[in-house]
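Biologist: Can you walk me through this one? I'd like to start with the cysteines.

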Amino acid sequence: MDYKKDFPVLVERNIAYLDSGATTQKPQSVIDAVEKYYKKHNANPHRGAYSLSIEATEAYENGRDKIAKFINASREEVIVTKNASEALNLVAYSYGLDNLKDTDEIVLSIMEHHSNLVPWQYVSRKTGAKLKYMYINDNYELDMDEVKAKITDKTKVVGIVHISNVTGTINNVKEIIDYAHSKGAVVVLDVSQSIPHMKIDVKELDADFVAFSGHKMLAPLGIGILFGKKELLTKMTPFLYGGDMIEYVYEDHTTFAPLPSKFEAGTQNVGGVVGMSAAIDYIEAVGYENIEKHERELVDYAVEKLSKLDYITLYMTNNPKHHSAVISFNIKGVHPHDVASILDNEGVCVRSGNHCAQPLLRYIGIDSTCRASFYLYNTKEDVDRLVAAVEKAYKMFEKYLKK
Amino acid sequence: MDNLEEMYNEIIMEHSMNSYNKKKLSSHDFCDLGHNPNCGDEIEIEVKLNGDVIEDMAFSGHGCAISQSSTSVMIDVLKGKTVKEAKEIIATFIGMIKREITDEEELEKLEDAIAFKNISNMPARVKCALLAWHTMEDILKKLEEGEK
Ligand SMILES: Cc1ncc(COP(=O)(O)O)c(C=O)c1O
């Protein structure tokens, strides 16, 4: 299938866009849905009695229903945020600060994106709870032995990324969640890199909190989702205060709105939710099975081609079943930023740097990588362009490399 | 950029991959670390003075070819210059990168550092080229303020 034709940026520009792990391009249907909302239905939701405002409210709340159904949650459990980072901060502030004390432990995987790591450092500093890490093995995977060694009866929060945005490792989150629960811990699952590629069922996973960004799954920028189990969200204090999240406001105190509004202060991003709904429609129309099949072929092809270049280091598991659509690599002796600039000159967009995962890169013993990340609109031709550009980059540096 | 090889030219490649300026001095008067948190580049610059003349310089650290070579070339250019001359050269280099100074004659005092002129065509890499020069600017500022 040719999905590229649905994506105006990819039609208009002759590029191999291999940075979907950072943000995806948007299909015409998402762009149209956002445009239609602003052209026909825009008003401040929840605040007006006139029909236009009611239309905006409906657009927003119907979007919430769609998102809830998409991840198999109930609507009160779906909080709209501006991105995954805000969703994860919400958990750290509203759950972490109130529920942890100095004899407790927070356990994170070393693969966490800074957004599920730095907030917990803050919680640790404020509450005195100890911060511990689960490390990966030589195959860039997290062993259950390591999980069981680190999660103890003292552990109150476990932060785990479903798929690493650096190594592409798919963590066995179901097993980790079950184990954490057996120790009485609450699990904060980051599905930012998995929900674009695979079905996420929060009930089946039984995670307590689940965070992701819309912009990595075809939706517009500026929209993210936090799922939280109702019994947890109900007991938590609000994260942000202000309009729309209240019930009665007196001079000296306030009672708060019920879920989910309690966690949604201020005028919300209706256009973003509308775009997210259209993104879900697009993904469902294609189907996760087809996305996975297509990406599997592409990634296998890319790994096969790149592995043949003996000057390349790949930072990924050799078990394809545990690896998603992200390939981190380096040309030995050449800095990733130089590689990315040369690739850019060939119309190949990859990210270079530490990918907001400095502790992971430090643990692996490097300071940056090039990262090619794939999505449904990528083609074998994109992979060929990547490989040709990598070969070109190596040739430019070859004669200067210290042997 | 039309011709990337123009940017990754002989001077830049040689200086980035095999620089004789990448070492430690046996003693220095000033030393400062320049870093770019976005990309992780870190460059430590050592300066040894003799009166108001820059007698020797060296650097250590890691980063991309642009930041490494820019540091090494800067050392070649600034060594043997007075502090006042060095400040002028740094200002000229920064002006060239920002395309504020284009006068060929004025740019001549940059010697080999003129090789970085086209970096302004690669906006994502400008900060790499400037890292060492900004660090050196800070060192000279500290020197003027009389602190060691
Ligand atoms: C695994 C993971 N978690 C969290 C984030 C943060 O997403 P955002 O920057 O949209 O908040 C990202 C993306 O950068 C990510 O890859």
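Modeller: Sure. Take B:Cys128 and B:Cys64. The closest cysteine sulfur to that of B:Cys128 is the one in B:Cys64, at 3.8 Å, which is too far for a bond. Keep in mind that this is a predicted model.

Biologist: What cut-off are you using for a disulfide?

Modeller: The two sulfur atoms must lie within 2.5 Å. At 3.8 Å, the sulfurs of B:Cys128 and B:Cys64 are too far apart for a bond.

Biologist: Is B:Cys128 buried or exposed?

Modeller: Buried. Its relative accessibility is 2%.

Biologist: And how far is the sulfur of A:Cys349 from the closest cysteine sulfur?

Modeller: 13 Å. That closest sulfur belongs to A:Cys370, and the gap is too far for a bond.

Biologist: How many disulfides are there over all chains?

Modeller: Zero.

Biologist: You mentioned A:Cys370. What covers the faces of β15(A)? Which residues are buried on each side?

Modeller: A:Cys370 and A:Ala372 are buried on one side of β15(A). On the other side, A:Thr369, A:Arg371 and A:Ser373 are buried. That makes five of five residues buried in this strand, which spans 369–373. In general, side chains in a regular strand alternate between the two faces of the sheet.

Biologist: Which strands pair with β15(A)?

Modeller: β12 of chain A, residues 326–331, pairs with β15(A) in the antiparallel sense over four bridges. There, A:Ile327 stands opposite A:Ala372. β14 of chain A, residues 351–353, also runs antiparallel to β15(A), with three bridges. A:Gly353 has A:Thr369 as its bridge partner.

Biologist: Switching to the seven-stranded sheet. What is the strand order?

Modeller: β2-β8-β7-β6-β5-β3-β4, all in chain A. The sheet is open and the pairing is mixed. The edges are β2 (78–81) and β4 (130–134); each has a single partner strand, so one side of each is left without a neighbour in the sheet. From one strand to the next, the twist averages 20°.

Biologist: How do β2(A) and β8 pair?

Modeller: Antiparallel, over four bridges, with β8 covering residues 224–228. One bridge partner pair is A:Val78 with A:Phe227.

Biologist: Now the ligand. Which residues come nearest?

Modeller: There are 13 residues around the ligand, and A:Ser85, A:Asp190, A:Ser213, A:His215 and A:Lys216 come nearest.

Biologist: What polar side-chain contacts should I look at?

Modeller: Three to check, each to an oxygen atom of the ligand. A:Gln193 has a side-chain N or O atom at 2.7 Å. A:Lys216 places a polar side-chain atom at 2.8 Å. For A:His113 the distance is 3.0 Å.

Biologist: How much of the ligand does the protein bury?

Modeller: 89% of the 390 Å² that the ligand exposes when taken alone.

Biologist: Next, backbone oddities. Which peptide bond is cis?

Modeller: The one joining A:Leu259 and A:Pro260 is cis, with omega about -5°. A:Pro260 sits in the loop between β10 (254–256) and α10 (270–286) of chain A. As a rule, most peptide bonds are trans, and most residues other than glycine have a negative phi.

Biologist: Which residues have a positive phi without being glycine?

Modeller: Two to look at. A:Leu218 has phi near 80°, and A:Cys356 has phi of about 55°. A:Leu218 lies in the loop between β7 (209–213) and β8 of chain A. A:Cys356 is in the loop between β14 and α13 (358–364) of chain A.

Biologist: Where do they stand on burial, buried or exposed?

Modeller: A:Leu218 is buried, at 0% relative accessible area. A:Cys356 counts as partly exposed, at 25%.

Biologist: What does the side chain of A:Ser94 reach?

Modeller: The backbone oxygen of A:Thr237, at 3.0 Å. A:Ser94 lies in helix α4 of chain A, residues 84–99. Its relative accessibility is 1%, so A:Ser94 counts as buried.

Biologist: Last one, back to chain B. Where is B:Asn36?

Modeller: In strand β1 of chain B, residues 30–36. B:Asn36 is buried, at 9% relative accessibility. Its C-alpha atom is 7.5 Å from that of B:Leu131, although the two residues are 95 apart along the chain.

Definitions and conventions:
Residues numbered from 1 in each chain as written. Chains lettered and ligands numbered in written order. Predicted model: local features only at pLDDT ≥ 70, side-chain atom pairs only at ≥ 80, totals over all residues. Heavy atoms only, no water. Pairing = 2+ DSSP bridges. Helix = DSSP H or I, 4+ residues; strand = E, 2+ residues; numbered from the N terminus. Axes fitted to C-alpha atoms, helices over the stretch in contact; angles between N-to-C directions. Buried < 20%, exposed > 50% of the residue type's maximum accessible area, 1.4 Å probe, protein only. Near = heavy atom within 4 Å. Polar contact = N/O pair within 3.5 Å; in protein donor to acceptor, adjacent residues only side chain to side chain. Areas by Shrake-Rupley, 256 points an atom, 1.4 Å probe, with all protein chains shown as cover.
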